[in-house]
Amino acid sequence: MSRGRARARSPEDQELVRQKFLACARAVFSTTGAHGLTMRRLAAEAGYSPGTIYLYFSSRQDLLWEIWREDMVGLYNSVREAFETPGAAPLRVLRNVLAAYATFWLGKPDHFRGMFMENDREYLDERASFVGDDSVQKVHDLLLAATAAALPDTAPEPAQIRLMTHSVLAAVHGVVALHIGAGAFPWAPAPAMLDVVLDSLLSGLTG
């Protein structure tokens, strides 16, 4: 069946095939994890010959980077919208940005697991190489900017900004990880937990 599938000709058709491979990769990952995520299996799931997928992605890492980049671009758009809240005080902007970060991932639990919770050795190496991607750096830079604006010091040191950013992000990220990675436990509702965490963190940030 897969070998009889006609090759996409137009740019529009090619993009549809590319998106189908990405959707199949997400579906396979959500059911079997990284271990089952092979190029041959993805081609079969999409209904194409094994060679066809390499016309769109040079390797599994190339395909994974596209998946992760889609997520990071979506995350950036969410936090940027919060960052650009008109007329909001800097501390409120930082709170909005951190809440947007949490809300984005809570709405995409499978994406979060794929980005942060898979422990397959090969997959970890592939993910580590993605850290330098522009999409990751844009999110990081925006978080740094939001924190810098909210700090009481008018000219905080870069090391202080980085420490504060990573610290508050770790706490917010932890709430998300608990609800997604250990959802069977009867945690308090995520929005309520985030309110407590953000209230505590941000009051300490400016204290």
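This note sets out, point by point, the main features of a predicted protein model.

1. Overall fold. The secondary structure of the protein consists of 10 helices and 0 strands. Followed along the sequence, the pattern is α-α-α-α-α-α-α-α-α-α. The C-alpha trace spans about 65 × 40 × 30 Å along its principal axes.

2. Burial and contacts. Of the 207 residues in the protein, 41% are buried. Among contacts with a separation of 6 or more, 64% are made by residues 24 or more positions apart in the sequence.

3. Surface and charge. The protein exposes about 10900 Å², and carbon and sulfur atoms supply 57% of that area. The protein has 20 positive and 23 negative charges, and the mean positions of these two sets are 7 Å apart.

4. Helix H5. This helix covers residues 90-106, which is 17 residues. What span should be expected of helix H5 at 1.5 Å a residue? The expected value is 24 Å, and the end C-alpha atoms are 24 Å apart, so the expectation and the model agree. The expected span is obtained by multiplying 1.5 Å by one less than the number of residues. The buried residues of H5 are Val93, Leu94, Arg95, Val97, Leu98, Ala100, Tyr101, Ala102, Phe104 and Trp105. The student may note that this list includes Arg95 as well as residues such as Leu94 and Phe104.

5. Arginine 60. This residue lies in helix H4, which comprises residues 60-83. Is arginine 60 buried or exposed? Arginine 60 counts as buried because its relative accessibility is 11%, and the term buried applies under 20%. The side chain of arginine 60 is joined to that of glutamate 126 by a polar contact of 2.7 Å. Apart from neighbours within four places in sequence, the residues in contact with arginine 60 are Ala34, Leu37, Met39, Asp120, Glu122, Tyr123 and Glu126. Glutamate 126 therefore appears both in this list of contacts and as the partner in the polar contact, which is a pair of N or O atoms within 3.5 Å.

6. Tyrosine 56. This residue is placed in the loop between helix H3 (50-53) and H4. With a relative accessibility of 18%, tyrosine 56 counts as buried, since the limit is under 20%. How many residues apart along the chain are tyrosine 56 and glutamate 15? They are 41 residues apart along the chain, and their C-alpha atoms are separated by 9.1 Å.

Methods
Residues numbered from 1 in each chain as written. Predicted model: local features only at pLDDT ≥ 70, side-chain atom pairs only at ≥ 80, totals over all residues. Heavy atoms only, no water. Helix = DSSP H or I, 4+ residues; strand = E, 2+ residues; numbered from the N terminus. Buried < 20%, exposed > 50% of the residue type's maximum accessible area, 1.4 Å probe, protein only. Contact = heavy atoms within 4.5 Å. Areas by Shrake-Rupley, 256 points an atom, 1.4 Å probe, with all protein chains shown as cover. Lys, Arg positive; Asp, Glu negative; His and termini not counted. Charge placed at Lys NZ, Arg CZ, Asp CG, Glu CD. Polar contact = N/O pair within 3.5 Å; in protein donor to acceptor, adjacent residues only side chain to side chain.
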